[in-house]
Amino acid sequence: MKRRNKGGRLYKGTLLVLAGFGGLMYIRNRLIPLFGDDYPWSFVWDGERHGNLAFGDQRYEKVKTAKDLVRSQVSHYKTWSGRTVAETLNQLFLRTEDKRWFNIVNTAVPVLQLLVSDWIGQGRIRLKGISPSLMKALYAGYWFGTPHLSATALWQTGATNYSWAGLLQNLFVLPYSLAARDKSFNLPVPLAVFSGLMAGWSAEAGAGAACLLSGAGLFFAKRENKDKPWQWAGFISACTGLALLILAPGNSYRYYVETYFNDAMPTDFSDPGHVPKKYLYKPEMFKHFFLHSYVPVLSRLLPLQIPVILYFLQGRPGGRDVTRRILALSGTALLIPSVMMLSPEFPPRAAYSSVTYALAAMAASYEHLDLKTLNEKYGGLISFAKGFAYTYLGINIAASLIVDADWGGQLKDTEALLKSHTKDETAVVPQTVVPPLWSAIAGDRAVDRPSHEFMCIEEDPKGIYNKAVAAYYGIGSVKATSGKEHPYNGKEALSAQLKFPVRYIRKKLRKLFKGSIFKR
């Protein structure tokens, strides 16, 4: 049974949910300063010295002008990776230390992503027709379904590589979904070419999925003699972008650097997305990726398939075209992590695009469910499930905000200390530590301890991030104290985790209420 919008009440409720989601993401963006890869990526890519993410004697030169940006990306394409579109956006926003514009854009991206996922699923662009209950489901699905939410959608370098790239891919796929529903839909060929190139040249797994879905849309349109020039142009452009991405000379050179030169490659299986070089494409690699990347990604995708399963149990009430769309989107969502098993690297966040298509399939299915019958039969169970889910969501959001405020506050204190040592020979800073209690509750919806420890300032001043941070602030060298000295690792760890986050939250709130809400 289809539900129809009953006037402005549902429309306002949907806007309220969307605004709440946007407000939460904006606050989280405000709480997280520059971190990890953000520092190396602030400089022109030094391909002559194995790149900014390898050990060596790099020449650090900040990206300030358009010429610097082009020079950096050419070097990056030749010596590290083909992700020119994503990394151009990243370095464009890293040109300045002020995050205000990034925070605004990075709030708009996930908000728009919820809408675009619905539009792809429905095959039409709408806002008023989205019920508040569906928007809540999309909100919760995005929050819990996104692999490593903090690293994928909030951390600056991670967001441009995954959530921004995912949105570019979805915006490219959207017209093919619109054309599948409305055969008369048309798109200017130059726009289709541009969109296809941006999607194909963005990030590997999602780009391949975009080519697959656009190819499927073109196939069915051709079979019905409804194909249009823009569909061909977009598909060819996306495949061209994917070729530029995959065949970049930097991909093979990076493999050489990381395998035979870079001492930072893991020596054990502590990193879920990487394995020691001696185990590449051996049973140990596939086992490691399956347990630590594939299973976590799949476990977040499967709950999003519940509306899809119910859709089929109710006899596919949407008809042939809707069923075909649901199968294509659901199948693509499940295919992405499966393909990633064949990659030499499989950090869970690399499968980000899978959740966007799972949300689209969920939206397409949800619209055609007979909710009245489901409520009559399973009303008590549904109410219990909703209550549990919203309670858990609230607790998880609160814990994530506490982690962001506490950890972000520590980083800001470190930043202030580094700025006071500008032009000094050496700076020693306290090691930052993610609060274990709150991190255990937030999980990877906030920064988790393994991710933090992988990209934090080390005790060794020759560490990748130590060198980049030192160059960023104009200091000879930077090193951190031992994390064992941090209050969170001491005897008073529990009381410290209850006291310190409150201090950082109060400090941030004071800034917000002083009229600096759009500042860094």
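## Close-up views of a predicted model

**View 1. Leu381 and the nonpolar patch around it.** Leu381 is exposed, with a relative accessible area of 60%. This is a predicted model, so read each view as a look at predicted coordinates. The residue sits in helix α17, which covers residues 371–419. Leu381 has company out there: together with Tyr378, Phe384, Phe388 and Tyr392, it makes up a nonpolar patch on the surface. Add up the accessible area of those five and you get about 620 Å².

**View 2. Helix α15, end to end.** How far apart are the end C-alpha atoms of α15? They are 30 Å apart, and that agrees with the 30 Å expected for 21 residues (320–340) at 1.5 Å a residue. The buried residues of this helix include Val322, Ile326, Leu329, Ala333, Ile336 and Met340. Some less greasy names are also on the buried list, among them Thr323, Arg325, Ser330 and Thr332. As for what covers them, the list includes α4 (100–122), α8 (163–181), α10 (204–223), α13 (283–301), α14 (306–313) and α16 (352–366).

**View 3. Ser330, zoomed in.** Ser330 is part of helix α15. Is Ser330 buried or exposed? With a relative accessible area of 7%, Ser330 is buried. Setting aside neighbours within four places in sequence, Ser330 is in contact with Gln305, Val308 and Ala361.

**View 4. Helix α16, wrapped up.** This helix is one of those covering the buried residues of α15. How many of the residues of α16 are buried? The count is 15 of the 15, so α16 is largely enclosed by the rest of the structure. Its length checks out too: 15 residues at 1.5 Å each should span 21 Å, and the end C-alpha atoms are 22 Å apart, which agrees.

**View 5. Ala207 in its pocket of neighbours.** Ala207 belongs to helix α10. At 0% relative accessibility, Ala207 counts as buried. Which residues does Ala207 touch, not counting those up to four places away in sequence? They are Gln169, Ala199, Gly200, Ser202, Leu242 and Leu245. For a handy distance label, take Gly196: Ala207 and Gly196 are 9.4 Å apart, C-alpha to C-alpha, and 11 residues apart in sequence.

**View 6. Two cysteines, no bond.** The structure holds zero disulfides. Cys211 is in none, and the nearest cysteine sulfur, that of Cys239, is 4.1 Å away. Seen from the other side, Cys239 is in no disulfide either, its nearest cysteine sulfur being that of Cys211 at 4.1 Å. Why does the pair not count? A disulfide needs the two sulfur atoms within 2.5 Å. Cys211 is buried, with a relative accessible area of 7%, while Cys239 is partly exposed, with a relative accessible area of 29%.

**View 7. Glu97 and Lys419, a long-range salt bridge.** Side chains of opposite charge can pair when their charged atoms come close. The model has 22 salt bridges by count. In this one, the closest N and O atoms of Glu97 and Lys419 are 2.7 Å apart. Glu97 lies in the loop between α3 (84–94) and α4, and Lys419 in helix α17, so the pair ties together parts that are 322 residues apart in sequence. Glu97 is partly exposed at 25% relative accessible area, and Lys419 is partly exposed at 39%.

**View 8. Glu224, Arg320 and their network.** The side chains of Glu224 and Arg320 meet in a salt bridge, 3.7 Å from N to O. This pair links distant parts of the chain, 96 residues apart: Glu224 is in the loop between α10 and α11 (229–246), Arg320 in helix α15. Glu224 is partly exposed, with a relative accessible area of 27%, whereas Arg320 is exposed at 55%.

**View 9. Asp444 and Arg300, plus one network to look for.** Asp444 forms a salt bridge with Arg300, the closest N and O atoms being 3.0 Å apart. Where do the two partners lie? Asp444 is in the loop between α18 (436–442) and α19 (449–454) and Arg300 is in helix α13, so the pair ties together parts that are 144 residues apart in sequence. At 25% relative accessibility, Arg300 counts as partly exposed. Elsewhere, salt bridges that share partners join Lys183, Glu224, Arg320, Asp321 and Arg324 into one network.

Notes: Residues numbered from 1 in each chain as written. Predicted model: local features only at pLDDT ≥ 70, side-chain atom pairs only at ≥ 80, totals over all residues. Heavy atoms only, no water. Helix = DSSP H or I, 4+ residues; strand = E, 2+ residues; numbered from the N terminus. Expected span 1.5 Å × (residues − 1). Buried < 20%, exposed > 50% of the residue type's maximum accessible area, 1.4 Å probe, protein only. Contact = heavy atoms within 4.5 Å. Patch = residues over 30% accessible without salt bridge, like charges linked within 9 Å, V, L, I, M, F, W, Y side chains within 5 Å. Areas by Shrake-Rupley, 256 points an atom, 1.4 Å probe, with all protein chains shown as cover. Salt bridge = Lys/Arg side-chain N within 4 Å of Asp/Glu carboxyl O.
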